[in-house]
Amino acid sequence: MPVKIRLQRHGKKGKPFYWIVAADSRAKRDGKFLEKLGTYNPVSNPAQIEINVDASIKWLKNGAQPSDTARRILSYKGVLLKYHLLGGVAKGALTEEQAEAKFQAWLEQKEGKLSSKTQQLAKAKEEARIKALAAEKETAEKRKLAAQAAPEEPVAEQAEEAPAQETNETEA
């Protein structure tokens with residue numbers, strides 16, 4: 001049975017949420033699957049990805065072929081790197097400790113990049129909030145000045161209209 005690692009769509013219209021699953025390649029996209037390997041939420045920024053690394057490696061060792069998107073997700077989370085390092089251990093090029101040390105170093109580097117991106121997004125959001133608040137205050141000041149100037153004009157206009165209305169009433 002040919003096995004694929006692919007995404008299974010869940011969530012509602014316009015708000016997708018995916019399960020990463022190992023499934024028979026002949027099964028429907030959202031149909032029967034062999035094992036759930038993780039989740040992927042592309043709506044959030046940065047995208048939230050939870051994945052069981054050991055189970056994914058087990059399926060890759062057994063010959064499962066990831067779809068293009070699943071391959072990118074597995075690569076992003078380091079599953080393919082660990083699979084590659086374990087291949088080196090099997091060939092005798094590395095020891096398990098060396099492979100694990102390389103994988104952990106890669107994970108720490110990746111976590112640093114992710115945290116810096118999260119900080120940049122939070123900083124940009126805060127700057128946008130401050131800018132919007134300043135624009136709102138400026139608009140409020142303009143309205144306040146316009147409101148102070150506006151009441152004087154309608155009073156003068158009403159005074160001019162009043163005699164005209166009285167003459168019209170006397171003529172009738």
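1. Let me start with a pairing: Val-3 has Asp-24 of β2 as its bridge partner. Keep in mind that this is a predicted model. The two strands involved are β1, residues 3–12, and β2, and they run antiparallel with ten bridges joining them. Asp-24 itself sits in β2, which covers residues 15–24.

2. Is Asp-24 buried or exposed? Its relative accessible area is 16%, so it counts as buried, the cut-off being under 20%. Leaving aside residues up to four places away in sequence, Asp-24 touches Met-1, Pro-2, Arg-6 and Leu-34. The strand around Asp-24 is mostly covered too, since seven of the ten residues of β2 are buried.

3. The turn between β1 and β2 is worth a look on your screen. These strands make a hairpin with two residues between them, and Gly-14 there takes a positive phi near 85 degrees.

4. On to the next neighbour. β2 also pairs with β3, in the antiparallel sense and over five bridges. One pair to pick out here is Ala-22 with its bridge partner in β3, Glu-35.

5. β3 spans residues 35–41 and is joined to β4 by four bridges, again antiparallel. The two form a hairpin, with six residues between the strands. If you want to find the register, Gly-38 stands opposite Ile-51 of β4, and Tyr-40 stands opposite Ile-49 of β4.

6. How do the two faces of β4 compare, covered or uncovered? Ile-49 and Ile-51 make up the covered face, while Gln-48 and Glu-50 make up the uncovered one. As a general point, side chains in a regular strand alternate between the two faces of the sheet.

7. Putting the strands together, you get an open sheet of five, in the order β4-β3-β2-β1-β5, and the pairing is mixed. The edges are β4 and β5 (65–66), each of which pairs on one side only. In general, strands of a sheet pair through backbone hydrogen bonds, parallel or antiparallel.

8. Zooming out to the whole chain, there are five helices and five strands. Reading from the N terminus, the elements run β-β-β-β-α-β-α-α-α-α. Of the 172 residues, 23% count as buried. The chain exposes about 12,600 Å², and carbon and sulfur atoms supply 53% of that area. Among contacts with a separation of 6 or more, 36% come from residues 24 or more positions apart.

9. Now the largest pocket, which holds about 180 Å³ of space. Its lining is made of Ala-47, Gln-48, Ile-49, Tyr-76, Lys-77, Trp-106, Leu-107, Lys-110, Glu-111 and Leu-114. By type, that lining divides into six nonpolar residues, one polar and three charged.

10. Which element gives the most to the lining of this pocket? That is α4, with five residues. The elements that each supply at least two lining residues are β4 (48–51), α2 (68–77) and α4 (96–149). Two residues of β4 met earlier turn up again in the lining, Gln-48 and Ile-49. Gln-48 belongs to the uncovered face of β4 and Ile-49 to the covered one.

Conventions. Residues are numbered from 1 along each chain as its sequence is written. This is a predicted model: local features need pLDDT of at least 70, side-chain atom pairs count only at pLDDT 80 or more; totals for chains, interfaces and linings use all residues. Side-chain values use heavy atoms; hydrogens and water are left out. On a 1 Å grid over the protein atoms alone, a cavity is a set of points where a 1.4 Å probe fits but cannot get out, and a pocket is an open set with protein on both sides within 12 Å along at least five of seven lines; lining residues have an atom within 4 Å of a point. Grid points are joined across faces, edges and corners, and a volume is the space filled by probe spheres set on the points. Ala, Val, Leu, Ile, Met, Phe, Trp, Tyr, Cys and Pro count as nonpolar, Asp, Glu, Lys and Arg as charged, and the others, Gly among them, as polar. Buried means under 20% relative accessible area, exposed over 50%, partly exposed in between (1.4 Å probe, protein chains only). Contact means heavy atoms within 4.5 Å. Accessible areas come from the Shrake-Rupley method with a 1.4 Å probe; for residues, only the protein chains shown count as cover. Two strands pair if DSSP finds at least two bridges between them.
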